[in-house]
Amino acid sequence: KYMLPHYLSSDDKIPPYAGKSLDSIVLANFLVTINRFGQSAGIQTFPKRELHPLGKQTLRGSSETKRGLSEQWLNWLTGLIEADGFFPNEKDKTLSFYISQSTKNAPLIYALKYWLGFGKVRWQHSEKMVHFVIEDIPNLTILANLINGRLRTEFKYEAYVKWINRFNKKAFVKNKVIVEPLNPNIDLNWLAGFTEGNGSFFIGLGNSPKSKLGVQVTLNISWTQKHRKTLELFASQFKGIWSYNKTQKCWEYNIKRKSELKHLLFSVFADNPLYGINKYDYFDLKRACELFNTKQHLTESGLKLLLEIKSNMNSRRTSASIKSPNY
């Protein structure tokens, strides 16, 4: 039995999606039992090598949601929001909040609505996008409080503060939101959420005359942002390579070092999972890394398997590859 993450109890059922249960799509196979106060059973510990989150915080407003959401899941949600969420500015003449994903990731958008217990799903077929939207003041207030004190990137935090200031000025807003400071510490669940929306797991391929097989294969985890300062949060924790894309006018921070890749693939994202379509690219890169660990990538059969894995990743992924029994 598959369960979606961080529910109030293990008895919560998976909601229908397009006529099928979400377990058939397998958003997550991560079993977690949450007590009524939203804290996960047991104590999560972090090795010295890993990143340390802030201490225990109060779940502001979580009792007003349907699921009794956990501290871990709220950090994951905030990470996703900082990657792909949008706080409208004054020019937009609205207070509505939304998160946008490609239509391939529609199950995650529907799951967000289910987990939170409010919001709407809107499709933009012409752009192959789907949006999770919150428009009403009571639920905007809940969301604002749920992520308050959890934001970690300067530019998204500034947008949040401006949004809250506009929000609080409305006469019909009875419960004003008191903005907490920017959180300076990275959290592993937050990292998973941010990677959900903005991260990339991929296999690079190039010619290499020095290689026995004539091919050089690289494994990569990267994040892309318009502002370099946002990615400096990742650079402070993981050793990687900076690059700037002049065409798209954005910065990329790429992890290629074997030790860092193994730490992220077999520790960080294994213990703090992804729930959307990006999870499948993570699984594929993990499989590729296992081939590297056993030196199989140096053999013709191993290279063939790597190329097969690569052929189904990222934009080439289809519904068939999502349903692969390898997951």
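This report walks through the largest pocket and one helix pair in a predicted model.

## The largest pocket

Let's start with the open space. The largest pocket holds about 640 Å³, and 26 residues line it. Nearest its centre you'll find G197, N198, G199, S200 and N278. As for chemistry, the lining splits into 15 polar, 6 charged and 5 nonpolar residues.

Where does the largest pocket lie? Domain 1 (22-34 + 66-185) and domain 2 (189-316) both contribute lining residues, so the largest pocket sits between them.

## What builds the lining

Quite a few elements chip in with at least two lining residues each. On the strand side, these are β4 (97-102), β7 (199-207), β8 (215-225), β9 (241-245) and β10 (250-255). The helices that do so are α6 (188-198) and α9.

## α9 and its partner

Helix α9 (residues 278-293) also pairs up with helix α10 (residues 300-311): their axes come within 10 Å and cross at roughly 170°. Angles over 145 degrees count as roughly antiparallel, so that is how α9 runs relative to α10.

Who touches whom? From α9, the contact takes in D284, R287, A288, L291 and F292. Facing them from α10 are G302, L305, L306 and I309. Sorted by type, the residues of this α9–α10 contact come out as 6 nonpolar, 2 charged and 1 polar.

Methods:
Residues numbered from 1 in each chain as written. Predicted model: local features only at pLDDT ≥ 70, side-chain atom pairs only at ≥ 80, totals over all residues. Heavy atoms only, no water. Axes fitted to C-alpha atoms, helices over the stretch in contact; angles between N-to-C directions. Helix = DSSP H or I, 4+ residues; strand = E, 2+ residues; numbered from the N terminus. Parallel < 35°, antiparallel > 145°, perpendicular 65-115°, else oblique. Contact = heavy atoms within 4.5 Å. Nonpolar A, V, L, I, M, F, W, Y, C, P; charged D, E, K, R; others polar. 1 Å grid on protein atoms, 1.4 Å probe; cavity = no way out; pocket = protein on both sides within 12 Å on 5 of 7 lines; lining within 4 Å. Points joined across faces, edges and corners; volume = space filled by probe spheres on them. Domains from an automatic or database assignment.
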